[in-house]
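Biologist: Could you take me through this model and show me the reasoning behind each label?
Modeller: Gladly; ask away.

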Amino acid sequence: MYKITQAANMLGVSIHTLRYYEKEGLTPFVKRSKGVRIYDDKDIEVIRLIICLRDIDMPIKNIRDYMDLYMKGESTVEERRALMRQYCDFVERKITDTIETLKFTTEKIACFDEAVKDILTQRKDI
């Protein structure tokens, strides 16, 4: 069992982030004892998933929808899988776009390198 400070440290996020997730309805499973949030290992793993979903730019509303399905249990596995597949496809497209942007940027840098080389060569000739 972990208090919010320990959980935040384990997850590499701020206490504010964990409170925000709770406020947004993403962590209804976190228990309280005398007003203090208590996280267990399963909670930590589920919050790791939430963090991953945010890292791939899944909107909070969609994460909330996913967590609602999660809270309903095993009967929603197919729906959760479909949602994950959708976002996996999104991430793959994002990676492809990022690689294309990197190629373009690298080519542009090469053009600048060539231009600088030409300028330096001309200065030596003077």
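**Labels and the values behind them**

Biologist: Let's start with a cysteine. Why is C52 called partly exposed?
Modeller: C52 has a relative accessible area of 45%. Buried would require under 20% and exposed over 50%, so a value in between is called partly exposed. Please keep in mind that this is a predicted model.

Biologist: How do you know that C52 is in no disulfide?
Modeller: The whole structure was searched, and 0 disulfides were found. For C52, the nearest cysteine sulfur belongs to C88 and lies 12 Å away. A disulfide needs the two sulfur atoms within 2.5 Å, so this pair does not qualify.

Biologist: Now the charged residues. What makes D57 and K94 a salt bridge?
Modeller: Their closest N and O atoms are 2.1 Å apart. The cut-off is 4 Å, so the pair counts. It is one of 11 salt bridges found in the whole structure.

Biologist: What does the pair of D57 and K94 tie together?
Modeller: D57 sits in the loop between α3 (41-55) and α4 (60-72), while K94 belongs to helix α5 (residues 77-125), so the bridge ties together parts that are 37 residues apart in sequence. D57 is partly exposed at 42% relative accessibility, and K94 is partly exposed too, at 34%.

Biologist: And how do you know that K61 and D65 form a salt bridge?
Modeller: The closest N and O atoms of K61 and D65 are 2.8 Å apart, which is within the 4 Å limit. These two residues are 4 residues apart in helix α4, a separation of about one helical turn. D65 has 32% relative accessibility, so it is called partly exposed.

Biologist: What makes K103 and E100 count as a salt bridge?
Modeller: Here the closest N and O atoms are 3.6 Å apart, and the limit of 4 Å is still met. K103 and E100 are 3 residues apart in helix α5, again about one helical turn. Both are partly exposed, K103 at 46% and E100 at 44%.

Biologist: Which residues are linked in a network of salt bridges?
Modeller: E22, R32 and R37 are linked in this way.

Biologist: Let's turn to L49. Why is L49 called partly exposed?
Modeller: L49, in helix α3, has a relative accessible area of 26%. Buried would need under 20%, so L49 falls in the partly exposed range.

Biologist: Which residues does L49 touch, leaving out those up to four places away in sequence?
Modeller: L49 touches Y66 and M84; contact here means heavy atoms within 4.5 Å. L49 and I15, by comparison, are 17 Å apart in space from C-alpha to C-alpha, and 34 residues apart in sequence.

Biologist: Finally, what makes a set of residues a nonpolar core?
Modeller: The residues must be buried and nonpolar in the sense used here, and joined through side-chain atoms within 4.5 Å. In this model the largest such core has 24 residues. Those with the most contacts inside it are L11, L18, Y21, Y39, I47, I63 and M67. The elements giving two or more residues to this core are α1 (4-11), α2 (15-23), α3, α4 and α5, and α3 provides the largest share, 6 residues.

Biologist: Which residues does Y39 touch, again leaving out those up to four places away in sequence?
Modeller: Y39 touches M1, Y2, K3, I4, A7, L18, V30, I44 and I47. L18 and I47 also appear, with Y39, among the residues with the most contacts inside the core.

Technical notes. Residues are numbered from 1 along each chain as its sequence is written. This is a predicted model: local features need pLDDT of at least 70, side-chain atom pairs count only at pLDDT 80 or more; totals for chains, interfaces and linings use all residues. Side-chain values use heavy atoms; hydrogens and water are left out. Buried means under 20% relative accessible area, exposed over 50%, partly exposed in between (1.4 Å probe, protein chains only). A salt bridge is a side-chain nitrogen of Lys or Arg within 4 Å of a carboxyl oxygen of Asp or Glu.
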